[in-house]
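Thanks for coming. I have one structure to go through this morning, so please look at the display and I will start with the sheet.

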Amino acid sequence: MSGHFIAIEGLDGCGSTTQIRLLGERFPHWHRTAEPSQGPAGLLIREALRGDNPLPDSVLPYLFAADRKDHLEREIEPALAQDIHVVTDRYYASSMAYQALIAPLNRIVTLNQDFRSPDLTIFLDIAPEQALERIVARGQAIERFETLEHLREIAAGFGVALALLAEQGERIEVIDATGTQETVHARIIE
């Protein structure tokens with residue numbers, strides 16, 4: 001027996017980080033993680049997204065795939081093997097949606113095709129305009145993909161990515177991410 005693997009996906013500003021925290025409070029024995037990870041490739045990605053590292057966009061799909069491989073081997077698979085449920089803030093559906101702005105979708109799919117599928121993907125659905133309002137309200141520096149134009153393109157990318165993954169038999173639940181944190185959390189639990 002092994003634990004279940006759950007990915008929470010959505011636009012920046014959808015509330016995924018908050019919902020991961022709330023799931024951790026409700027299920028403290030679950031392992032919570034995020035991508036980019038805290039591994040070496042993940043930290044390099046985080047620097048690039050903040051603008052602290054001048055990596056070109058064309059490198060990001062490959063770095064995300066490398067980070068995902070490291071993340072799976074170092075953190076996710078060992079926890080699952082110990083019968084611990086794992087919930088991650090982002091996984092390969094995010095790569096498909098975000099990196100499709102940079103490279104052809106079929107290349108992104110190929111880079112991620114050998115990685116294990118989540119047992120469940122929860123997509124937090126929110127309009128790009130609402131997502132941007134939440135991003136601005138955080139009061140933090142705006143990252144590389146956090147513009148209304150990018151968020152609209154990424155939302156369309158998620159539509160394509162989730163349809164493709166569902167077609168391949170993956171279990172995907174779309175949750176309305178509008179409303180209070182508690183309301184959205186209750187929808188996820190339901």
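What you see is a predicted model, and its core element is easy to state: an open sheet of five strands in the order 2-3-1-4-5, with parallel pairing. Strand 2 (31-34) and strand 5 (172-176) are the edge strands, each pairing on one side only. From one strand to the next the twist averages 20°. On terms: two strands pair if DSSP finds at least two bridges between them. Helices (H or I, at least four residues) and strands (E, at least two) are DSSP runs, numbered from the N terminus.

Now the ground rules. Residues are numbered from 1 along each chain as its sequence is written. Because the model is predicted, local features need pLDDT of at least 70 and side-chain atom pairs count only at pLDDT 80 or more, while totals for chains, interfaces and linings use all residues; side-chain values use heavy atoms, with hydrogens and water left out.

Next, the pairings. Strand 4 (residues 120-125) and strand 5 run parallel and are joined by five bridges. Within that pair, Leu 124 has Ile 175 of strand 5 as its bridge partner.

Two helices pack on the sheet here. Helix 1 (residues 16-26) touches strand 1 (5-10), strand 2, strand 3 (86-89) and strand 4, and its direction makes about 160° with that of strand 3. Helix 7 (residues 148-167) touches strand 1, strand 4 and strand 5, at about 145° to the direction of strand 5. Contact means heavy atoms within 4.5 Å. Axes are lines fitted to C-alpha atoms, for helices over the stretch in contact, and angles run from 0 to 180 degrees between N-to-C directions.

Back to strand 3. Four bridges join strand 1 to strand 3, in parallel, and Ile 8 has Asp 89 as its bridge partner in strand 3. Strand 2 is also joined to strand 3 by four bridges, again parallel, with Arg 32 opposite Val 87. Which way do the side chains of strand 3 point? Val 86 and Thr 88 point one way, Val 87 and Asp 89 the other, and all are buried. Buried means under 20% relative accessible area, exposed over 50%, partly exposed in between (1.4 Å probe, protein chains only).

Helix 3 (residues 60-81) holds two residues I want to show, one of them Glu 75. Glu 75 is buried, at a relative accessible area of 18%. Its side chain makes a polar contact with the side chain of Arg 74 (3.5 Å). For such a contact, a pair of N or O atoms must lie within 3.5 Å; within protein, one must be able to donate a hydrogen and the other to accept it, and residues adjacent in sequence count only if both atoms are side-chain atoms. Not counting residues up to four places away in sequence, Glu 75 touches His 31, Arg 32, Thr 33 and Asp 70.

The other residue in helix 3 is Ala 79, which counts as buried at 9% relative accessibility. Leaving aside neighbours within four places in sequence, Ala 79 is in contact with His 31, Ile 84 and Val 86.

Finally, the whole chain. There are eight helices and five strands, following the pattern β-α-β-α-α-β-α-α-β-α-α-β-α along the sequence. Of the 190 residues, 46% count as buried. The C-alpha trace spans about 40 × 35 × 35 Å along its principal axes.
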